[in-house]
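Me: Could you walk me through this one? I'd like each label tied back to its cut-off.

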Amino acid sequence: MTETPASHNSRATQRFPVVVVGAGPAGLTVGCVLRAAGVDCLVLESESREFVERRPRAGVIEEPVVRGLERRGLAGTLLERARRDTACEFRFDGGRHPFGYHELTGHHHWVYPQQFLVTDLVREYADMRGGAVRFGVRDVRLHDLDGDRPSVSYVCPESGRREAVACDFVAGCDGARGVTRAAVAGRARVSRHDYGIGWLALLAEAPPSADRVLFGCHPDGFAGQMPRSPEVTRYYLQCPPGDDPGNWPHDRVWAELHRRLGAAGAEPLTGGPLIEKRVLDMHDYVTEPMSFGRLHLAGDAAHLVAPIAAKGLNLAVHDAFALGDALVDRLLRGDGTGLAGYSASRLRQVWDYQEFSQWLSELYHGGASGNPFRAGTALARLRRLFSSPATAAAFAERYLGTAARY
Ligand code: RFL
């Protein structure tokens, strides 16, 4: 584990029971849970507040996550502004195949862009609950995590000096490229899965072309439409991993989306300027355990689930609820049971979502694999969703994240 004694660089002049590294959905939710219980914490974020409040990523939020946010007083604006999605639609074999999960289960999804949620959480944490946060910090380092007096240091953006913070616990919520995951390299088991495909992730300044999520399972590759707001729509196009977004000029993108999402009786897509265009190589990883001494990882810092099943943000917030509650129990009541079980209990849901992502990936991409056997079984999997009520119910439960327990 990377453990530089803090005293090598600076003296710990500040003290907080918890230092949270990262002001994404996971870190801010942990911070809000702690502040609601009256526990002091410091959130350290490498980007500016404006940047994190504008960074577009996810948009599909599970009902149990929204209920959890609501219970903690964190869903006010979301409940006013978010849209409820009650159905998605698969397009394959040239036809439209709507899947009405609300009708089937009584449950729905919420559509709320991640940057709106982050904006709400920053406001709640910093402005309403008086939480301490430093934006724009550089070179965060973790120290003495195996002892009972850990600390975190960072370079202050204003003074350029290294500041140190003594704490009892560190919440590692700094995403896939952060420092907290790197701090356990060599000690953690990291299991990886590479799908061998890329997705061109697009944001179009255009209203959604259909009022629901569309999954185009086409022999030339997957295409997806995810409504985000009346003005902005996310689209995905399967492409080779590592492809250059420059290979995808405006006209090629729209021609390919039209082709792969085309179906008999479907409205034509509504085009518009592409305001984001990046290639994501589809891969997953899981870091085990998620706890090391005084460091507890949450969200993408602990596990990455490719956006195939729209689960990353949801897992991050589920982790944050569990970690926030466990830290409160330990710090206010001296009860360490939740923290001791945090990693094992969270990993059950993490692995379940990883398995769902793999299952769904084959359904989306099998038809374009170039392997007629995989194409045949992918089509059988798709058709079974619409011919077997048991398969449809199982899919809906996993897609909506409504399983009673993990
Ligand atoms: P985040 O959101 O990456 O936040 C981590 C924060 O830590 C900061 N940071 C540091 N701070 C201090 N020191 C350092 N050394 C630092 N290094 C990094 C970063 O600036 C950042 O502010 O992680 P978190 O909180 O775990 O949240 C995870 C989610 O953001 C992620 O899983 C989702 O966005 C994934 N995802 C989706 N998930 C869903 O549930 N539903 C979706 O529909 C969905 N769509 C998506 C997605 C991810 C996408 N991309 C870009 C990978 C669509 C896309 C295109």
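Reply: Sure, here come the ligand site, the domains and two backbone details, question by question. The model is predicted, so local features need pLDDT of at least 70 and side-chain atom pairs count only at pLDDT 80 or more, while totals for chains, interfaces and linings use all residues. Residues are numbered from 1 along each chain as its sequence is written, and side-chain values use heavy atoms, with hydrogens and water left out.

Me: What makes a residue part of the group that surrounds the ligand?
Reply: One of its heavy atoms has to lie within 4 Å of the ligand. There are 37 such residues, and the closest are E45, R55, R57, Q114 and L313.

Me: Why is the pair between R55 and the ligand called a polar contact?
Reply: A polar contact is a pair of N or O atoms within 3.5 Å (within protein, one must be able to donate a hydrogen and the other to accept it, and residues adjacent in sequence count only if both atoms are side-chain atoms). A side-chain N or O atom of R55 sits 2.6 Å from a ligand oxygen, so the pair qualifies. Q114 has a polar side-chain atom 2.8 Å from an oxygen of the ligand, and for the D300 side chain the value is 2.8 Å too.

Me: How much of the ligand's accessible area does the protein cover?
Reply: On its own the ligand has 1000 Å² of accessible area, and the protein covers 90% of that (Shrake-Rupley method, 1.4 Å probe).

Me: Which element gives the most to the shell around the ligand?
Reply: That's α9, with four residues. Helices here are DSSP runs of H or I with at least four residues, strands are E runs of at least two, and both are numbered from the N terminus.

Me: Which domains does the chain have?
Reply: The assignment, automatic or from a database, gives domain 1 (13-78 + 113-191 + 284-355) and domain 2 (84-110 + 194-281 + 382-400). Their C-alpha centres are 30 Å apart. With contact meaning heavy atoms within 4.5 Å, 20 residues of domain 1 and 15 residues of domain 2 take part.

Me: How large is the area buried between domain 1 and domain 2?
Reply: About 1600 Å², with 51% from carbon and sulfur atoms. Buried area is the accessible area (1.4 Å probe) that two parts lose on being put together, summed over both.

Me: What about the backbone, at P289 and D93?
Reply: The E288 to P289 peptide bond is cis, with omega near -10 degrees, and P289 lies in the loop between β18 and β19. D93, in the loop between β6 and β7, has a positive phi near 55 degrees without being glycine.
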